[in-house]
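Student: I would like to learn how to read the features of a protein model, going from the whole chain down to single residues. Where do we begin?

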Amino acid sequence: MSTDTDGQQGRTAYVIVGGGLAAAKAVEGIRESDTEGAIVLVAEEDRLPYERPPLSKAVLKGEDEVETAFTHDRDWYSDQKVDLRLGTPATSLDAEQHALTLADGQTLSYDKLLIATGSSARALDVPGADLDGVLYLREMQESEALKARFKGGARIVVVGAGWIGLEVAAAARDAGCDVTVIEPQAAPLLGVMGEKVGGWFAELHRGHGVEFRFGEGVERIEGETSVTGVVTKSGDTLPADAVVVGVGITPNTGLAEGAGIDTANGITTDEALRTSAEGVWAAGDVASWRSTTLDTHVRVEHWANANDGGLAAGRSMTGQDVTYDPIPFFFSDQYDIGLEYAGYVPRGSDAEVLLRGEPSSNEFMAFWVVPEGDGVRVLAGMHVNVWDTIDDVQRLVRDRTVVDRERLTDPKVPLGDLK
């Protein structure tokens, strides 16, 4: 065990559990004000902490080498005096005793602990789901395995038309693969984007040669040892050289739950990312933090939250006065389309979608609004190839601005004039 001069004998000042962006950024946050406190970073994967967006974008498409996804190189961790325990997952936590047990049998005593364990891909529970060639995209090795199968003419079946499914479909088409997407709902991203915007995503991908099977599910996957086809609920057989499953992710809350820490759709934290256990913080995909602006707990599964949340957690762990209160943000790249989204629409909301510009031009904006007073209030907004607008979207959301719907949807009215 490590000994920190500011902590109890045998205790490590800071232990970080996680191998993603949030964990790496937490080191930065800690070192801003504590340059000497011992840091141990525990990661399940035997790789340096890395960022996930490149796995479904530039790395998957072969535009960048896999090493570009690493947040920092090994020398950086050495310079920051971080003891890396890679390939050694944490197995249990005793929050009362401030003790973390690792898979190799070691126990780390800590003063302050960050849980940044991220999330895991939901498994497809059908016969044949364990065949070779049934792939997911959550970890670096999975991106490498997918890229190896994306050869011209390869038949790729994607299960799920969410963000990962759509980005994988785009990468596969760019590689010359034949792509079919199976989706039980009537449009891509229907629960998140609604029919108007979801329909635009469908047309975007159809225009690039993707076939959709909407209102359809998977009955089974066929093959002896490797996948050869997918049988749908309606009885059709789709030939496949690989099947990519993108049916959502689940936050990795097991470590916290085993320690009796409060969880509810993630590990529950306050606005400083502190959990219900003294000396324990949470950040990234796994954290459901208290947003003072939105007046609710929020869990976000995107890059910006891992980046900003990890940094905020590290600062909070050193005693800095932190209020983590971002407007949720994410981005996606598909074909020649770039988009950014900011805001938060509660599940089950009856928000209306208003469009600004013509979707068929592939340059437009969408706003999710609710009526208020004589106008509407923006809950969230997204641009497609309409750059330098997302700051104004975030301002409208944060300030709870009531705007005239006609002005909001008029491309001739600068967003900065909506006040």
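Student: What does the accessible surface of the protein come to, and what percentage of it belongs to carbon and sulfur atoms?

Tutor: This is a predicted model, so every value describes a prediction. The accessible surface is about 17900 Å², and carbon and sulfur atoms hold 43% of that area.

Student: How many helices and strands are there in the protein?

Tutor: The protein has 10 helices and 26 strands. With a radius of gyration of 23 Å, close to the 22 Å from the globule rule for 419 residues, the protein is as compact as a globular protein of that length. Along the principal axes, the C-alpha atoms fill a box of roughly 65 × 65 × 35 Å.

Student: What percentage of the residues count as buried?

Tutor: Burial is read from relative accessible area, with under 20% counting as buried. By that cut-off, 54% of the 419 residues are buried. Contacts add another view: of those between residues at least 6 apart in sequence, 61% join residues at least 24 apart.

Student: How far apart are the mean positions of the positive and negative charges?

Tutor: There are 37 positive and 69 negative charges, and their mean positions lie 3 Å apart.

Student: Now a single helix. Why is helix 8 described as largely enclosed by the rest of the structure?

Tutor: Count its buried residues. In helix 8, 12 of the 15 residues are buried, so the helix is largely enclosed by the rest of the structure. Among them are A304, N305, A306 and N307, as well as G309, G310 and L311. These buried residues pack against strand 1 (12-17), helix 1 (21-31), strand 6 (107-115), strand 18 (280-282), strand 19 (287-291) and strand 21 (329-334).

Student: What span does helix 8 reach from its first C-alpha to its last?

Tutor: Helix 8 covers residues 303-317 and reaches 21 Å, close to the 21 Å expected at 1.5 Å a residue. Just after the helix, G319 has a positive phi of about 100 degrees.

Student: How many residues of helix 1 are buried?

Tutor: In helix 1, 10 of the 11 residues are buried, so this helix too is largely enclosed by the rest of the structure. The buried set includes the charged-type residues K25 and R31, along with L21, V27 and I30. Their cover includes strand 2 (39-43), helix 3 (74-79), strand 3 (82-86) and helix 8.

Student: Which residue other than glycine has a positive phi near 55 degrees, and where is its place?

Tutor: That is N265, with phi near 55 degrees, in the loop between helix 7 (254-258) and strand 17 (267-268). N265 is exposed, at a relative accessible area of 54%. Y335 also has a positive phi, about 60 degrees, and is not a glycine. Y335 lies in the loop between strand 21 and strand 22 (337-343).

Student: Is Y335 buried or exposed?

Tutor: Y335 counts as buried, at 13% relative accessibility.

Student: Finally, what is A202 in contact with, beyond its neighbours within four places in sequence?

Tutor: Its contacts there are P188, F212 and F214. A202 belongs to helix 6 (residues 190-206) and counts as buried at 3% relative accessibility. The C-alpha atom of A202 is separated by 9.3 Å from that of L166, 36 residues away along the chain.

Notes:
Residues numbered from 1 in each chain as written. Predicted model: local features only at pLDDT ≥ 70, side-chain atom pairs only at ≥ 80, totals over all residues. Heavy atoms only, no water. Helix = DSSP H or I, 4+ residues; strand = E, 2+ residues; numbered from the N terminus. Rg over C-alpha atoms; globule rule 2.2 N^0.38 Å. Buried < 20%, exposed > 50% of the residue type's maximum accessible area, 1.4 Å probe, protein only. Contact = heavy atoms within 4.5 Å. Areas by Shrake-Rupley, 256 points an atom, 1.4 Å probe, with all protein chains shown as cover. Charge placed at Lys NZ, Arg CZ, Asp CG, Glu CD. Expected span 1.5 Å × (residues − 1).
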